[in-house]
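Thanks for coming, everyone. I'll keep this brief. Please have the sequence and the model open as I talk.

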Amino acid sequence: MSKTKRILHVVSNVDHYAGRSTLTGLWLSELTHAYDVFAACGYEQRLVSPKGGRTPLEPRSLKWPLLDASAKARWADPTWSALLSSTARPDEIDAAAYDAIYFTGGHAVMWDFPDDEALQALTRDIYEHGGVVSSVCHGYCGLLNTKLSDGSLLVAGRRVTGYSWWEEVLAGVAKMVPYNAEAEMRARGARYEKSIVPFLSKVVVDGRLVTGQNPSSAKATARSVVSLLSS
């Protein structure tokens, strides 16, 4: 009998844009869509954040039509909602116990994901023991600075996708974000790809590295992770 697969979801602790009153946080459907896919496979799942505790929710993700059936159902479930208030700290996680790590998005992660050494260590350990590293939308900011044990960047020379600069412009937040994530990923030697039409689902699989471009890509990203874990 094969052991139950375990997924570690990474979420943000940031609740507003730096220097502004504009609220941000986890883009809820990017978590719930993946969570539903993994739950249907019987996988065990846990949430971790840089500081542990509460992960705030991006207000825009809680409005129709972005608050779809999956996100609405999970948000209304007190038991599941409690998970958003009690995420683990990285030092409470044993990387060896997880088969995949999944970085969720929301603009919040642009601040607390890229330079968190504890998250980088978890990512490196999961990847180097044969696990899958995955992200959706802005979640790929968590992969920008992750180095493997040989000192090389995880994303260098790898095919990846994530929220594009054009999508930032169309979303009206290009002047509010701290950096151009697409450009930063390219600067690290990643082979960045994006869909021809903004906001449509796109997933890129490069070995055990799986990345989705935007909120519409969460289900397909999770399914690609499942495919790798099932092979």
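One cut-off before we start: a residue counts as buried when its relative accessible area is under 20%, and as exposed when that area is over 50%. Between those two limits a residue is partly exposed. And a reminder: this is a predicted model.

Take serine 134. Is serine 134 buried or exposed? Its relative accessible area is 0%. The limit for buried is under 20%, so serine 134 is buried. Serine 134 sits in strand S4, which covers residues 132–136. What does serine 134 contact, once neighbours within four places in sequence are set aside? The answer is Ile101, Tyr102, Phe103, Val210 and Val225.

Now the annotation. In an unreviewed entry, UniProt lists residues 30–226 as "domain: DJ-1/PfpI". Across residues 30–226, the chain is 33% helix and 13% strand. The C-alpha atoms at the two ends of that range are 16 Å apart.

On to the nonpolar cores. The largest one has 36 residues. Leu8 and Cys141 have the most contacts inside it. Which elements supply at least two residues each to this core? They are strand S1 (6–10), strand S3 (100–103), helix H4 (109–112), helix H5 (117–128) and helix H7 (181–187). H5 gives the most, with four residues. Back to cysteine 141 for a moment. Without its neighbours within four places in sequence, cysteine 141 is in contact with Val109, Met110, Phe113, Pro114, Tyr179 and Ala181. Another core lies apart from the largest one. That other core has 17 residues, including Val37, Ala100, Tyr163 and Leu229.

Next, a charged residue: aspartate 112. Aspartate 112 is in helix H4. Its relative accessible area is 14%. Under 20% is buried, so aspartate 112 counts as buried. Which residues does aspartate 112 touch, not counting those up to four places away in sequence? Ser12, Asn13, Val14 and Pro50. For a sense of distance, compare valine 160. Aspartate 112 and valine 160 are 48 residues apart in sequence, and their C-alpha atoms are 20 Å apart in space.

Now the backbone. Most residues other than glycine have a negative phi. Two residues here deserve a look. Cysteine 137 is not a glycine, yet has a positive phi of about 55°. Cysteine 137 is in the loop between S4 and strand S5 (159–160). Its relative accessibility is 3%, so cysteine 137 counts as buried. The second is phenylalanine 199. Phenylalanine 199 has a positive phi near 75°. Where is phenylalanine 199? In the loop between strand S6 (191–192) and strand S7 (203–206). With a relative accessible area of 35%, phenylalanine 199 is partly exposed.

That brings us to the pocket. The largest pocket has a volume of about 350 Å³. Phenylalanine 199 appears again: of the 18 lining residues, those closest to the pocket centre are Trp27, Leu66, Phe199, Pro215 and Ser216. Which element gives the largest share of the lining? Helix H1 (residues 28–40) does, with three residues. By class, the lining has eight nonpolar, seven polar and three charged residues.

To recap three points. Serine 134 is buried, at 0%. Cysteine 137 has a positive phi without being a glycine. Phenylalanine 199 is among the residues closest to the centre of the largest pocket. Over to you for questions.

Terms used
Residues numbered from 1 in each chain as written. Predicted model: local features only at pLDDT ≥ 70, side-chain atom pairs only at ≥ 80, totals over all residues. Heavy atoms only, no water. UniProt positions renumbered as here; feature names shortened; annotations may be inferred. Buried < 20%, exposed > 50% of the residue type's maximum accessible area, 1.4 Å probe, protein only. Contact = heavy atoms within 4.5 Å. 1 Å grid on protein atoms, 1.4 Å probe; cavity = no way out; pocket = protein on both sides within 12 Å on 5 of 7 lines; lining within 4 Å. Points joined across faces, edges and corners; volume = space filled by probe spheres on them. Nonpolar A, V, L, I, M, F, W, Y, C, P; charged D, E, K, R; others polar. Core = buried A, V, L, I, M, F, W, Y, C linked by side-chain atoms within 4.5 Å.
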